[in-house]
Amino acid sequence: MISTEAYSRILSQLLDELPPEFFRELSGGVIVSAEAPIPDYARAGDLYTLGLYRFSHGMRQIVMYKGSFDRVYPQADEAEAVPLLRKILRHEFRHHLEYLGGVHNSTSLEAEDERQKQAYLASHRE
């Protein structure tokens, strides 16, 4: 398990890879949370939210959940964490950019996430 300091340092380096335009209107920035939230639709506590893009009261923010990362990737060392965190972070930035661009169609990440959720629910029918 990587330390909180290493997690934050890696995220900082990954943020430096992104062009300044990606941060437009991201007024709440990117924050790290120690929480390990489980989505309300998880059937067996087998899902964790690794990152979240949120828009609330005019503030746009990306939350990266270190607690979830530790539970999903407990054996990851720093070198292994880099591509995993890059994928999570860019996923959340895609939500941000699509939201800013008004992209809410069948090819959006929002729609893709919903399809994955429905596939998960279908595979966990009681």
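Strands here are DSSP runs of E at least two residues long, numbered from the N terminus. With that in hand, we can start our walk through this predicted model at glutamine 61, whose place is in strand β3. Is this residue buried or exposed? Buried means under 20% relative accessible area, and glutamine 61 has 6%, so glutamine 61 counts as buried. Its side chain has polar partners there: one is the backbone oxygen of glycine 28, reached at 3.1 Å, and another is the side chain of arginine 54, joined through a polar contact of 2.7 Å. Leaving aside neighbours within four places in sequence, the residues in contact with glutamine 61 include Leu26, Ile31, Leu52 and Tyr53.

Strand β3 also leads us to the nonpolar core. The largest nonpolar core has 20 residues, and Met64, Phe69, Leu85 and Leu89 are those with the most contacts inside it. At least two residues of this core come from each of α1 (4-16), β3 (59-65) and α3. Which element gives the largest share? That is α1, with six residues. In general, nonpolar side chains tend to be buried together in soluble globular proteins. Leucine 89 shows the contacts in detail: not counting residues up to four places away in sequence, leucine 89 touches Leu11, Leu14, Leu15, Val30, Ile62 and Met64.

Next, stay with helix α3, where alanine 81 is found. Its relative accessible area is 0%, so alanine 81 is buried. Beyond residues up to four places away in sequence, alanine 81 touches Ile2, Ile10 and Phe69. Glutamate 110 is 29 residues further apart along the chain, and the C-alpha atoms of alanine 81 and glutamate 110 are separated by 25 Å.

From α3 (78-101) a loop leads to α4 (109-123), and threonine 107 lies in that loop. With a relative accessible area of 57%, threonine 107 is exposed, because exposed means over 50%. The side chain of threonine 107 makes a polar contact of 2.7 Å with that of asparagine 105. Glycine 45 is 62 residues apart from threonine 107 along the chain, with 29 Å between their C-alpha atoms.

Helix α4 offers a simple geometry check. At 1.5 Å a residue, its 15 residues should span 21 Å, and the end C-alpha atoms are 21 Å apart, so the two values agree. Within α4, Leu109, Ala111, Tyr120 and Leu121 are buried, and what covers the buried residues of this helix includes α3.

Helices α3 and α4 also belong to the setting of the largest pocket: they and β2 (51-56) each supply at least two residues of its lining. This pocket holds about 1200 Å³ of space. Of its 35 lining residues, Gly51, His91, Glu92, His95 and Asp113 are the closest to its centre.

Finally, two loops deserve a look at their backbone angles. Most residues other than glycine have a negative phi. Glutamate 25, in the loop between α1 and β1 (30-33), has a positive phi of about 65° although it is not a glycine. Histidine 57, in the loop between β2 and β3, has a positive phi near 50°. How accessible are these two residues? Glutamate 25 counts as partly exposed because its relative accessibility is 41%, whereas histidine 57, at 86%, counts as exposed.

Technical notes
Residues are numbered from 1 along each chain as its sequence is written. This is a predicted model: local features need pLDDT of at least 70, side-chain atom pairs count only at pLDDT 80 or more; totals for chains, interfaces and linings use all residues. Side-chain values use heavy atoms; hydrogens and water are left out. Helices (H or I, at least four residues) and strands (E, at least two) are DSSP runs, numbered from the N terminus. Buried means under 20% relative accessible area, exposed over 50%, partly exposed in between (1.4 Å probe, protein chains only). A polar contact is a pair of N or O atoms within 3.5 Å; within protein, one must be able to donate a hydrogen and the other to accept it, and residues adjacent in sequence count only if both atoms are side-chain atoms. The expected span of a helix is 1.5 Å times one less than its number of residues. Contact means heavy atoms within 4.5 Å. A nonpolar core is a set of buried Ala, Val, Leu, Ile, Met, Phe, Trp, Tyr and Cys residues joined through side-chain atoms within 4.5 Å. On a 1 Å grid over the protein atoms alone, a cavity is a set of points where a 1.4 Å probe fits but cannot get out, and a pocket is an open set with protein on both sides within 12 Å along at least five of seven lines; lining residues have an atom within 4 Å of a point. Grid points are joined across faces, edges and corners, and a volume is the space filled by probe spheres set on the points.
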